[in-house]
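Below are some notes on the fold and its packing, set out point by point. Please read them alongside the model.

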Amino acid sequence: MAGIELSTSAFDDHALIPRRYTRDGEDVSPPLEWSGVPAGTAELLLLCEDPDAPSGTFVHWLVTGIDPGARSVETGATPEGGTPLTNGFGGTGWGGPMPPAGDNAHRYFFRLYALPEPVRLPDSPSAEDVHRAVDEEALASGNIVGLYQR
């Protein structure tokens, strides 16, 4: 699968996510930029997940229907054309990191997928639902990982 270059000015790959972007801080989504979206992309899908959560992989941000021509999203915003879905906290849109106090640093995978057709997901999809729907169908994907510990 081809690669999308996904980055953020908020933190380096595999580095600590600043408190501002967590539930301990302002709880705003970090800015993201990307390139390498292939021709034939009908929509982009953005997922931020924590595979280290005690209850299983936790969805922190899920946005579908992102305009394939979009190349970034600002702090605290929804990507152009995107529809934010329910996160693991039961809210809509971004729900920042909040791992249990005392846990080792959790990993937060920000993943962007280029899809050839609009994705079909169940209501309140889990991370596993998203992966089942997009992993085999994606034309390209990219990711960046942030860490957070309380």
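1. Which residues of helix 1 (residues 127–134) are buried? They are Ala127, Asp129, Val130, His131 and Val134. The model is a predicted one.

2. The buried residues of helix 1 pack against three elements: strand 5, strand 6 and strand 9.

3. The largest nonpolar core contains 25 residues. Within this core, the residues with the most contacts are Leu32, Trp34, Trp61, Ile66, Phe110 and Leu112. Two or more residues each come from strand 4, strand 5 (43–50), strand 6 (58–66), strand 9 (106–115) and strand 10 (140–148). Strand 9 contributes the most, with 4 residues.

4. A second core, separate from the largest one, has 11 residues. Among them are Tyr113, Val119, Val130 and Ala138. Val130 is also one of the buried residues of helix 1.

5. Leaving aside residues up to four places away in sequence, Ile66 touches Trp34 and Leu112, both of which are also listed among the residues with the most contacts in the largest core. The other contacts of Ile66 are Glu43, Leu44, Leu45, Leu46, Pro79, Glu80, Gly81 and Gly82.

6. An open sheet of 3 strands runs in the order 2-4-7, and its pairing is antiparallel. Strand 2 (5–7) and strand 7 (72–73) are the edge strands, each pairing on one side only.

7. Strand 4 (residues 32–35) pairs with strand 7 over 2 bridges, in the antiparallel sense. In this pairing Leu32 lies opposite Val73 of strand 7. Leu32 also belongs to the largest nonpolar core.

Methods
Residues numbered from 1 in each chain as written. Predicted model: local features only at pLDDT ≥ 70, side-chain atom pairs only at ≥ 80, totals over all residues. Heavy atoms only, no water. Pairing = 2+ DSSP bridges. Core = buried A, V, L, I, M, F, W, Y, C linked by side-chain atoms within 4.5 Å. Buried < 20%, exposed > 50% of the residue type's maximum accessible area, 1.4 Å probe, protein only. Contact = heavy atoms within 4.5 Å.
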